[in-house]
Every structure is written in C-alpha cells, then in structure tokens.
Amino acid sequence: MRTVDIIQKKRDGHELSGEEIDFLIQGFSRGDIPDYQMSAWAMAVYFRGMTARETADLTMAMARSGDQIDLASIPGIKVDKHSTGGVGDKATLVLGPLAASLGVPVAKMSGRGLGHTGGTIDKLESIEGFAVERTKEQFMRQVRDIGVAVISQSGNITPADKKLYALRDVTATVNSIPLIASSIMSKKIASGADAICLDVKTGSGAFMKTLDESIALAQAMVDIGEQVGRETVAVITNMDEPLGFAIGNALEVREAIRTLKGEGPGDLQELCIFFAAYMALLGGRAVALPEAKEQAEQAIRDGRALNKLKQLIQAQNGNPLVVDEPDLLPSAPYVVPVQSGITGYVAAIDAESLGVTAMMLGAGRATKEDSIDASVGIVLSKKVGDPVKEGEPLMELHMNRNDEAFVQEMVRRAARAVVLSVQPVEKPRLIQAVVTKHGIERIS
Ligand code: URA
C-alpha cells in the first residue's frame, strides 16, 4: 500500500477501505508517514468528506493507536459524558456525582483548560488537597467503591488523534465533521466508555455556530456509536452565552455545589437534569426520560447527589468540608462591578470574549505551561433576556490585582462582551435538539 495512492483516492472522492485508513493512521502515529502527506489527506477529507463507515473506521484506528482503558471489571454500563467545549461549563462537576447517585458508574478522565475554555481538572484542583492523578488501580477501585472518580487524562490515549489534531490546527482542516467526530469519539472509546452522552454546543461561543451544523456533527457521532456498538446520544445546547453565572475555577466549584443543593442557575440545573436522565437511560437505570428526570430531581432534593460529591472529594484527598462551607474555597481579594450604561435588556453575551477576559484575569492559560489562579474570574449578574437598569451590575470581576490600568482594561473588555437593547429580548432556549439512533428531535 502506498500513502500517495490513498491520498489520491480520497482526493478523487472515493471511499477508503478500513485497511487503507488503518495503514494511514498507524503509519502516521509511528512517524512513518510524514506531516505533509497527512496534511494533504486531511485536506482531501475536508473537501470530499467521509462515509459513516469510513468515519467509524477512522475512529477505531485512532482509538487503537495508543492505550485503551478496560473498565470491564467495574460492574454496570459505564456512560461517559463529553462536552464539545464552552465557557462556564461546569456540568461535569454536577453530573459526575448526580449520575453516580442514580447508580450509573462514572469513570471520568477530564482535561485542563486552554485558551478561552476552562477544564474540569483545573476546577477540581481549586479544592484544597484534591488529587487528580491516580493510578489505574486506585481509579478503578474508587469507581467500584463509590461509583465515581474524576481524574486527569494520563497515559498514551489516542496519540494519533493528538498528532493529527495539531496538524489540522495549522492546515485549516479542523472544521471537518468526520475529522471532529472521529477525534472526539476515539478518545471516549479508548477511555473505555460503553455508552456516550454528548453535549454538542451551538452558537457564538461554540465550534459549530449554527443549529444545522451542530446537528450534522451530532449525527456523525451518533452514527459512529451505532457502527462500533457504543450507544450514543447527542444533545445540542445553546452556547450563545456562558452556562450558569460563574466563569473561573473556584467560582465554578461554588456554583456546582449550589446546583447540587438545588439552588443553581436555571440553565445549569436544566442541563444537568437532562443529561443525568439520559445517562440513567443509557446506563439501564431508567426506562423512560420523564421517569429518569424525576429520579435526578429527587437525588438533588434528598441530598444524595450532594453527598456523592462529598464522597468524591474525600476519596481523592480533597477537603470535603468545602461542600458545606464553600467559603473555604479560594476567593479573590478584589471584586469589581461592571455596570450597565443604559436601562433596557441584555440582548447577547459573547461567551468566547468573556472566556478570554477570565483567562486574562488569571483563570486560564494562554499556553500549556502557564499557571492559573483558582480564585479569579467572572460572575454574571444578568443573563440574556434579563431586564437591567442603568448603573446596575451586569457582572462582577473577581481579581487579584487592583492597579487602575488593569482594572479599567478588564472592565472595558467585559462590558464590550455584553450587548444591551432597549427592546425586550426573548430568553434563548438551552436545549435545542436531541439526536439518538432513533432520529433527530428539534425542540421548539
Ligand atoms: N474536540 C476534539 O477533541 N477534537 C476536535 O477535532 C474538535 C474538538
């Protein structure tokens, strides 16, 4: 087999065989196929696309390129949840304990934040003592004992995807549905998931800006799941504004704790109940969505979900007292309001821009090597559709510096992220569509 023939076949719009895809991926992963040939192939895929069968073969070839976690010794159907990335997305902090409290084993490997999006691992590390690195044995034992573990991605999971993603990033081939879908699904499959629940973000703060594009990506991932025997559900959710009110590590942990107490922001609460319900369905813990949602709401009402968070923190050497006393979490010394210049309504909040502002405050990293400050970030006071009076705060900036020039720059940046209107604005719908093996349901 020759790489050039495979590139040519895809360039001319033909379907590649599983053997050809495997040859390409394993060769590239070993370093036998150079970047320039792989880039040409990625560009051919960008223009020609891939069939569902090719996409599934690509996914499995990448999943096989490195370590594969075997979770078989943990009883039950292991359901993994993945979000395509958003600002203020602390759902895993809520969903891990919530789904585990419904009897769904959650063996989760999460990442750190980079650029304008945060990472679950950084958020958890704002809890004093919380250990994100565990041996495989500790990880498995914890899931068997308490039903949930959230650790940092370790080992050599999907090295082919890592290499290919880096190449796509610099060759304008990121935005290809088969390449995105196989990249995400290969990591979930190599991490041992039996079933997968995907949060596909749509809107200004997301990869996919329109609902139709998001549905196409969701459909590609559900199709991969079907082809490789991992039932997959994809929920399309709005990312035209941040999720919840808080952006920044310890601030998001506080909000997650409040949500597990039933006192969280409406959108975060709605999203977590919806996903927990689907995780319970996929995990065989419920037979219908309304019943599954009721179970999730009950686990919050009776404190089981919150107690599961305490167990999770304790099991990973963190201080579980933060659950009852969130003021033990790091807090920033300066809190600066960003005020509305007019009386009217919030028309839009640029999630990506606020994510960058939070990063500049110290909550995120510009490069992998940067350190972060767990205490800083942004807490919104208003969401899209809310009325606001002139001089009322739109949000508060939690800062560790109060030199005038920096404060003014941050306030200006944050204010620019909010669009105000004198006309009333409808609140956006959070859950916009659900894609399952049975089809697409648009929620109107
Ligand atoms: N997230 C991934 O993991 N891969 C992509 O290609 C895009 C988003």
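Let's start at the ligand: Arg168 places a polar side-chain atom 2.9 Å from one of the ligand's oxygen atoms. Please keep in mind that this is a predicted model. Two further side chains make polar approaches to the ligand, and the table sets them beside Arg168.

| Residue | Ligand atom | Distance from a polar side-chain atom |
|---|---|---|
| Arg168 | oxygen | 2.9 Å |
| Ser183 | nitrogen | 2.6 Å |
| Lys187 | oxygen | 2.6 Å |

Taken alone, the ligand exposes 240 Å², and the protein buries 88% of that area. Two elements, helix 8 and helix 9, each give two or more residues to the surrounding shell. Helix 9 supplies the largest share, with four residues. The shell as a whole is made up of Tyr165, Arg168, Ile180, Ser183, Ile184, Lys187 and Phe207. Sorted by class, four of these residues are nonpolar, one is polar and two are charged.

Helix 8 deserves a look of its own. This helix spans residues 159-169, and its buried residues are Pro159, Ala160, Asp161, Leu164, Leu167 and Arg168. Arg168 therefore appears twice in our story: among the buried residues of helix 8, and as a polar neighbour of the ligand. Which helices do the buried residues of helix 8 pack against? They pack against helix 2 (18-30), helix 3 (35-48), helix 4 (52-63) and helix 9 (177-190). In general, an α-helix has 3.6 residues a turn, so residues three or four places apart point the same way.Next come two aspartates. Asp122 lies in helix 6, which covers residues 120-124. Is Asp122 buried or exposed? Asp122 is buried, with a relative accessible area of 5%. Setting aside residues up to four places away in sequence, Asp122 touches Arg112, Gly113, Asn249, Arg365 and Ile372. Gly111 sits 11 residues from Asp122 in sequence, and the C-alpha atoms of the two are 8.1 Å apart in space.

The other aspartate, Asp267, is found in helix 12, residues 266-282. Asp267 counts as buried because its relative accessibility is 15%, below the 20% cut-off. Its side chain makes a polar contact of 2.7 Å with the side chain of Lys383. Lys383 is also one of the residues that Asp267 touches, alongside Pro242, Leu243, Gly244 and Leu430, when residues up to four places away in sequence are not counted.

Now for the strands. Thr232 belongs to strand 5, which runs over residues 231-238. Thr232 is buried, with 2% relative accessible area. A polar atom of the Thr232 side chain lies 2.9 Å from the backbone oxygen of Arg230. Beyond its neighbours within four places in sequence, Thr232 is in contact with Met185, Ile196, Leu198, Met221, Val222, Gly225, Val435, Thr436 and Lys437.

Finally, there is an open sheet of three strands in the order 10-8-12, with antiparallel pairing. Its edge strands are strand 10 (387-388) and strand 12 (418-421), each of which pairs on one side only. Strand 8, residues 344-349, is joined to strand 12 by four bridges. What is the bridge partner of Tyr345 in strand 12? The partner is Ser421.

Terms used:
Residues are numbered from 1 along each chain as its sequence is written. This is a predicted model: local features need pLDDT of at least 70, side-chain atom pairs count only at pLDDT 80 or more; totals for chains, interfaces and linings use all residues. Side-chain values use heavy atoms; hydrogens and water are left out. Buried means under 20% relative accessible area, exposed over 50%, partly exposed in between (1.4 Å probe, protein chains only). Contact means heavy atoms within 4.5 Å. A polar contact is a pair of N or O atoms within 3.5 Å; within protein, one must be able to donate a hydrogen and the other to accept it, and residues adjacent in sequence count only if both atoms are side-chain atoms. A residue is near a molecule or strand if one of its heavy atoms lies within 4 Å of it. Accessible areas come from the Shrake-Rupley method with a 1.4 Å probe; for residues, only the protein chains shown count as cover. Ala, Val, Leu, Ile, Met, Phe, Trp, Tyr, Cys and Pro count as nonpolar, Asp, Glu, Lys and Arg as charged, and the others, Gly among them, as polar. Two strands pair if DSSP finds at least two bridges between them.
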